[in-house]
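This report describes how charged side chains pair with one another in a protein model, and how one helix divides its residues between inside and outside. Please examine the sequence and the structure before reading on.

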Amino acid sequence: MKPFCLICMCLFAPFLIEAQDESDAHLLSSCVSLEQQIFSESSLEKKDSLLLAKAVVYKQYQDFENALKTIDRISNLAGPDLSSRVMDEKIKLNYLMGNHKQVKNLIAETIFLEDYQKSKDIILFESLNYVALQELDQARESFETLVRDKEVITHAFRKVKFKNPEKAFILSFIVPGSGQIYAGRTFKGLLSLGVQAPLFYVGFSGISRGYVFTESIPSIALFQGFYFGGAEYAKELAIEYNQATIEELSSSMISAIKKEASLN
């Protein structure tokens with residue numbers, strides 16, 4: 001099996017590299033062409049429109065960082081239409097880059113923009129951003145403006161709960177393995193308890209039986225490693241659980257939007 005995989009990699013790798021190179025070439029060509037137009041353009045309004053177009057090109061190639069840098073070069077937000085388009089792109093790019101607190105701040109700033117109206121896309125990004133921030137009440141409130149079927153909303157948000165990583169950490173300090181169980185990994189929690197309990201018993205019983213160096217010290221040293229490591233691991237599991245919950249809920253919300261759009 002391994003030789004077969006290696007052969008496939010050798011055969012197809014040059015084509016994948018070529019495709020990537022071709023994609024990079026298209027991006028570079030588009031950006032250079034737009035930059036030339038920006039440089040030669042005397043109208044500030046047209047120059048800003050070209051900068052926005054260049055940012056959109058970067059976004060299409062998933063180069064979100066350069067897209068955002070290009071938008072930041074727009075200095076003359078002439079008219080409410082351009083201001084709204086720039087704000088929309090900033091919200092989308094910051095969401096795609098994982099800057100969820102910045103997205104929340106930008107959405108709050110839209111109330112100060114003249115004639116700004118949230119599009120359905122922006123409301124969806126707002127809803128998904130609240131989910132990413134684990135603010136479910138706000139996410140549901142925003143999502144309700146997009147979906148008319150209340151059953152769909154109830155289905156999407158049913159039994160959605162997040163785990164507190166700090167709580168998982170503390171629980172594992174109190175009772176080894178309980179943090180993993182709280183984080184939704186019952187087997188790993190029981191396994192952690194099953195490993196640590198015997199080490200704890202052997203470590204302290206060895207003292208009373210006089211086996212300090214042969215039993216107690218090695219067992220206690222191992223117990224400490226599993227004890228502190230287990231607490232950190234429980235915290236990581238809670239974070240993983242929350243991330244999986246965010247992805248599942250976000251997917252359900254997007255599916256609900258697509259389903260409703262297909263019925264209209």
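## Helix H7 and the salt bridges

In this predicted model, helix H7 has four buried residues: Leu136, Ala139, Ser142 and Phe143. These residues lie on the same side of H7, because the arc they cover around the axis is only 130 degrees. An α-helix has 3.6 residues a turn, so residues three or four places apart point the same way. On the face of H7 turned away from the buried side, the exposed residues are Asp137 and Glu141.

The second topic is the pairing of charged side chains. How many salt bridges does a search of the whole structure find? The search finds 9 salt bridges. Three of these pairs are listed below with the distance between their N and O atoms.

| Salt bridge | N to O distance |
|---|---|
| Glu35 and Lys54 | 2.4 Å |
| Glu135 and Lys104 | 3.1 Å |
| Arg185 and Glu240 | 3.9 Å |

Consider the pair of Glu35 and Lys54, whose closest N and O atoms are 2.4 Å apart. Glu35 belongs to helix H1 (residues 2–40) and Lys54 to helix H2 (residues 44–60), so this salt bridge ties together parts that are 19 residues apart in sequence. Are the two partners buried or exposed? Glu35 counts as partly exposed because its relative accessibility is 25%, whereas Lys54, with a relative accessible area of 7%, is buried. The cut-off for a buried residue is a relative accessible area under 20%.

The side chains of Glu135 and Lys104 also meet in a salt bridge. Glu135 is found in the loop between helix H6 (120–132) and helix H7 (136–143), while Lys104 is in helix H5 (residues 100–109), so the pair ties together parts that are 31 residues apart in sequence. Lys104 is partly exposed, with a relative accessible area of 33%.

Arg185 forms a salt bridge with Glu240. Because Arg185 lies in the loop between helix H10 (178–182) and helix H11 (186–208), and Glu240 in helix H12 (residues 212–263), this pair ties together parts that are 55 residues apart in sequence. Arg185 is partly exposed at 34% relative accessibility, and Glu240 is partly exposed at 44%.

Which residues are joined into one network by salt bridges that share partners? The network consists of Glu35, Lys54 and Arg73.

Notes: Residues are numbered from 1 along each chain as its sequence is written. This is a predicted model: local features need pLDDT of at least 70, side-chain atom pairs count only at pLDDT 80 or more; totals for chains, interfaces and linings use all residues. Side-chain values use heavy atoms; hydrogens and water are left out. A salt bridge is a side-chain nitrogen of Lys or Arg within 4 Å of a carboxyl oxygen of Asp or Glu. Helices (H or I, at least four residues) and strands (E, at least two) are DSSP runs, numbered from the N terminus. Buried means under 20% relative accessible area, exposed over 50%, partly exposed in between (1.4 Å probe, protein chains only). The arc is that of the directions from the helix axis to the C-beta atoms.
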